[in-house]
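Me: Please choose a single part of the model below and look at it closely, then follow its connections into the rest of the chain. I would like the cut-offs behind each term to be given along the way.

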Amino acid sequence: MSVARKEKIDFDKDVEPVIKKYLEEIKYGYITLVVQDGVIIQIEKNEKTRLK
């Protein structure tokens, strides 16, 4: 069953600032965008710690 979103996601206002923030914070790792029905519904940040 699909639940319709009532609000539209604005990439410039809602998504881009989060991605920029994560890129500034992360040294090693990856950022994943989760898409459902052509819409970004989740942003995940996985950071790795390198042992020297």
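Reply: A good place to look is the hairpin of strand 1 and strand 2, which has two residues between the strands and in which Asp37 takes a positive phi near 55°. Helices and strands here are DSSP runs numbered from the N terminus, a helix (H or I) needing at least four residues and a strand (E) at least two. The model is a predicted one, in which local features need pLDDT of at least 70 and side-chain atom pairs count only at pLDDT 80 or more, whereas totals for chains, interfaces and linings use all residues. Residues are numbered from 1 along each chain as its sequence is written, and side-chain values use heavy atoms, with hydrogens and water left out.

Asp37 itself sits in the loop between strand 1 and strand 2, and its phi is a positive value in a residue other than glycine. With a relative accessibility of 67%, Asp37 counts as exposed, where exposed means over 50% relative accessible area, buried means under 20%, and partly exposed is what lies in between (1.4 Å probe, protein chains only).

On either side of that loop, strand 1 and strand 2 pair in the antiparallel sense over eight bridges; two strands pair if DSSP finds at least two bridges between them. Within this pairing, Val34 stands opposite Gln42 in strand 2. In a regular strand the side chains alternate between the two faces of the sheet.

The hairpin does not stand alone: the elements of the protein chain run α-β-β from the N terminus on, and the secondary structure comes to one helix and two strands. The buried residues of helix 1 are Val15, Ile19 and Tyr22, and these residues pack against strand 1 (29-36) and strand 2 (39-47), a contact being a pair of heavy atoms within 4.5 Å. An α-helix has 3.6 residues a turn, so residues three or four places apart point the same way.

The dimensions of helix 1 can be checked as well, since its 15 residues (11-25), at 1.5 Å a residue, should span 21 Å, and its end C-alpha atoms are 20 Å apart, which agrees; the expected span is 1.5 Å times one less than the number of residues.

Charged side chains add a further link between the helix and the hairpin. The salt bridges number four, each being a side-chain nitrogen of Lys or Arg within 4 Å of a carboxyl oxygen of Asp or Glu. One of them joins Glu25 and Lys45, whose closest N and O atoms are 2.8 Å apart. This pair links distant parts of the chain, with Glu25 in helix 1 and Lys45 in strand 2, 20 residues apart. Salt bridges that share partners join Lys21, Glu25 and Lys45 into one network. Both ends of the 2.8 Å pair are partly exposed, Glu25 at a relative accessible area of 36% and Lys45 at 31%.

Another salt bridge stays within the helix: Lys20 pairs with Glu16, the closest N and O atoms being 3.5 Å apart, and both residues lie in helix 1, four residues apart, about one turn of the helix. Lys20 is partly exposed at 48% relative accessibility, and Glu16 is partly exposed at 27%. The side chains of Asp14 and Lys13 also meet in a salt bridge (3.5 Å, N to O); here Asp14 is partly exposed, with a relative accessible area of 31%, whereas Lys13 is exposed at 57%.

To return to the hairpin, Glu47 belongs to strand 2 and is partly exposed at 44% relative accessibility. Leaving aside residues up to four places away in sequence, Glu47 touches Glu25, Ile26, Lys27, Tyr28 and Gly29. Glu47 and Lys27 are 20 residues apart in sequence, yet their C-alpha atoms are 7.4 Å apart in space.

Over the whole protein chain, buried residues make up 8% of the 52 residues. Of the contacts between residues at least 6 apart in sequence, 19% join residues at least 24 apart.
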